[in-house]
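Good morning, colleagues. I would like to speak for a few minutes about salt bridges, and I ask you to keep the structure in view as I do.

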Amino acid sequence: MEHQSNGTGPDVHNFWEVNAGPPEADPAKTALLIIDMQYMDAHRDWGMGPVIKAAGKAEEWEPYFAAVDEIVPRIRSLQDAFRASGMEVIHVVTVALTQNGRDISRAHKRLGLFAKPGSREAEVLDELKPVGDEIVITKTANGVFNATAIDQILKNLGIETLVVVGVGTNDCVETAVRDASDRGYDVLLVGDACATRVRAQHEFALTVLDGIYSRVVNTADILAMLERTASGAVGAAAS
């Protein structure tokens, strides 16, 4: 099916053309955005983990933590590839500005969901911790674009494409993807590098976002994209 224009505005591409061919992005204008891979909500033994165990719900939540275990090495492989290419790696964490959390969103207050500044819960998982002067953005609500100056930061960096990973797929990740798209960014959502509590919710979120707010890809797609980009750069330099 071909895309059409009614002659009254910009040419609009057919919905399915978004998913045609391998993903491509300008490395100078692309950043890896890692959402909430911190001890508060991405580790069994910290933050939510002990609370879940105390409530007798450890078994119910185990699929989530198992999914997190699976995505950590994938996210690390993306970090390594972005760093090797000299591209931006940006970490987003949910951290209160105050010790009692009085500054966090009302929704997070209802959930009792906050990490104190300087706490272990506020830190990125050791396997994924920032390197050098990588940017770490702290938010106090689900939506990083609503609760921080990330839009201005990305514009200052000249970023136009975001490769998004993290947790939870249908919560903070989905909110970031929708808001980024609405602000004009191209978004590549790495489906196998995201996780949430219920697998069906993960799959549904990917289905809803794909082709509208983002293009859903997998880790191998992004690694191949970066390899093609590097090969092209080497070839151009040689010529």
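Allow me to begin with a term: a residue is called buried under 20% relative accessible area, exposed over 50%, and partly exposed in between. Please bear in mind that the model before you is predicted.

Under the rule applied here, 14 salt bridges are counted. I shall take three of them in turn.

The pair Glu60 and Arg197 forms a salt bridge whose closest N and O atoms are 1.8 Å apart. This pair connects distant parts of the chain, with the two positions 137 residues apart in numbering. Glu60 belongs to helix H2, residues 58-84, while Arg197 sits in the loop between strand S5 (186-195) and helix H7 (199-209). How accessible is Glu60? Its relative accessible area is 41%, so Glu60 is classed as partly exposed. Arg197, at 33%, is likewise partly exposed.

My second pair lies within one helix. Lys155 and Asp151 form a salt bridge, at 2.7 Å from N to O. Both are in helix H5, residues 150-157, and because they are four residues apart, about one helical turn separates them. Lys155 has a relative accessibility of 45% and therefore counts as partly exposed.

The third pair is Glu174 and Arg178, with 2.9 Å between the closest N and O atoms of their salt bridge. These residues are four apart in helix H6, residues 169-182, about one turn of the helix. Is Glu174 buried or exposed? Glu174 is buried, because its relative accessibility is 13%, whereas Arg178, at 26%, is partly exposed.

Finally, Arg44, Glu62 and Asp69 are joined into one network by salt bridges that share partners.

Note on methods. Residues numbered from 1 in each chain as written. Predicted model: local features only at pLDDT ≥ 70, side-chain atom pairs only at ≥ 80, totals over all residues. Heavy atoms only, no water. Salt bridge = Lys/Arg side-chain N within 4 Å of Asp/Glu carboxyl O. Buried < 20%, exposed > 50% of the residue type's maximum accessible area, 1.4 Å probe, protein only.
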